[in-house]
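Please describe how the strands and helices of this protein model are arranged. A formal report is requested, with each technical term explained where it is used.

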Amino acid sequence: MSEIICQTTELCKNYKNFHALQNVNFSINRGEIYGLVGENGAGKSTLIRILTGLAFKSSGIITLFGKTDHLQHERTKIGCTIEMPALYKDMTAKQNLEIQRVQRGIPGKKCISKTLELVGLNNTEKKKVNNFSLGMKQRLALAVALLGEPEFLILDEPVNGLDPTGIIELRELLKRLVRENHVTILISSHILSELNQLATCYGFLHHGKLLKQITAKELNEQCRRHIKLKTDDTKKTVTVLEEQLKIKNFSVYPNNFIRIYEKLEETHTISKTLFSNGIVVEEMSVQGEELETYFENLIGGYKYV
């Protein structure tokens, strides 16, 4: 059974007459990359602030690393970026991390150069943070979160300001942290297509309520992923699919496109078999409902912002 790193039970946060979080129940297992999905005002940042001790809950239970009491000690195992952390703009990246290291009582200075190299800021040398681009500041914020090698990393909108290359590098870095350092990650992002390439589990938050928690595998199944196929002979293609490839779960559309809902990993075999039967494949790709569309349907058609 997987170890639960973070769990909430009937978690609520109220501001006078406004319910920011309403009976939120969710859990994150060790080694997961948990994608927190929700529109502006859904309660994502409120949830993250409560988990990290920056805000108090109104009611409910928070469990961190199996503990429900003395959570401040457990929170020392957490690294986080919530919006843009306070950085000393007249100092270098190295000097900023040194201040963080001393404040948090992290022994030795080797962790600073190691962390800067990890996020790609090891060549900034004497450059002041004031002269950093937004993307570089985001990298430094991530470095602050990674200082001390946390077991649980919480990232609120980490790709803001990053160019496409920076986003890819961040994605690979997070995957590597999970794979090599066994870090567990909670990540909130408005770039849902990026979450779709990263998350192993999702939580969908709307108006302070957790509508659903679902694994990436379950989401792919619910989004009805399929092979979109078009050939020069639809009738003959159907015969080959049924008789030779033993595919039964497919649909034929009026524009002669065929959607195949099984054997999604066997496109090469399907293409090769069709070709050997003299059928020309004009189009073939694996497709499915986008994460944004799934979320819109889940919340009842509200426009995602």
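Strands E1 and E4 are paired in the antiparallel sense, and five bridges link them. Strands (E, at least two residues) and helices (H or I, at least four) are DSSP runs, numbered from the N terminus, and two strands pair if DSSP finds at least two bridges between them. One such bridge joins Cys12 to its partner Ser59 in E4. In general, the strands of a sheet pair through backbone hydrogen bonds, either parallel or antiparallel.

This is a predicted model: local features need pLDDT of at least 70, side-chain atom pairs count only at pLDDT 80 or more, and totals for chains, interfaces and linings use all residues. Residues are numbered from 1 along each chain as its sequence is written, and side-chain values use heavy atoms, with hydrogens and water left out.

**The three-stranded sheet**

E1 and E4 belong to an open sheet of three strands, ordered E2-E1-E4, with antiparallel pairing. Its edge strands, E2 (18–29) and E4 (59–64), each pair on one side only. Neighbouring strands are turned against each other by 15° on average, direction ignored. Here axes are lines fitted to C-alpha atoms, for helices over the stretch in contact, and angles run from 0 to 180 degrees between N-to-C directions.

Strand E1 (residues 4–15) also pairs with E2, in the antiparallel sense and over eight bridges. Among the facing positions, Thr8 stands opposite Phe26 in E2, and Tyr15 stands opposite Phe18 in E2. Helix H1 (residues 44–51) packs on this sheet and touches E1, E2 and E4, its direction making about 115° with that of E1; contact means heavy atoms within 4.5 Å. E1 and E2 form a hairpin with two residues between them, and Lys16 in the turn has a positive phi of about 55°.

**The four-stranded sheet**

Another open sheet has four strands in the order E11-E12-E10-E13, again with antiparallel pairing. Strands E11 (250–252) and E13 (281–287) are its edges, each pairing on one side only. From one strand to the next, the twist averages 15°. E11 and strand E12 (residues 258–260) run antiparallel and are joined by three bridges; Val252 has Ile258 in E12 as its bridge partner. Two helices lie across strands of this sheet, as tabulated below.

| Helix | Strands crossed | Angle |
|---|---|---|
| H9 (residues 234–243) | E10 (226–231), E11, E12 | about 15° to E12 |
| H10 (residues 267–276) | E10, E12, E13 | about 165° to E13 |

**Helix packing**

The axes of helix H3 (residues 93–103) and helix H5 (residues 134–146) come within 10 Å and cross at roughly 30°. H3 and H5 are therefore roughly parallel to each other; angles under 35 degrees count as roughly parallel, over 145 as roughly antiparallel, 65 to 115 as roughly perpendicular and the rest as oblique. The contact involves Ala93, Asn96, Leu97 and Gln100 of H3, together with Leu140, Ala143 and Val144 of H5. Five of these residues are nonpolar, two are polar and none is charged. For this count, Ala, Val, Leu, Ile, Met, Phe, Trp, Tyr, Cys and Pro are nonpolar, Asp, Glu, Lys and Arg are charged, and the others, Gly among them, are polar.

H5 also packs with helix H6 (residues 164–181), at an angle of about 10° and with the axes 13 Å apart. H5 is therefore roughly parallel to H6. Arg139, Leu142 and Leu146 of H5 meet Gly166, Glu169, Leu170, Leu173 and Leu177 of H6. The residues of this contact comprise five nonpolar, one polar and two charged.

**Confidence of the model**

The protein chain averages a pLDDT of 89, and 97% of the residues score at least 70; pLDDT is the predictor's confidence in each residue, from 0 to 100. Among the elements of the chain, E4 has the highest mean pLDDT (97) and helix H7 (residues 192–195) the lowest (79). Over residues 301–305, pLDDT stays under 50, and the model has 13 contacts beyond four places in sequence for them. Where pLDDT is low, the predicted coordinates should not be read in detail.
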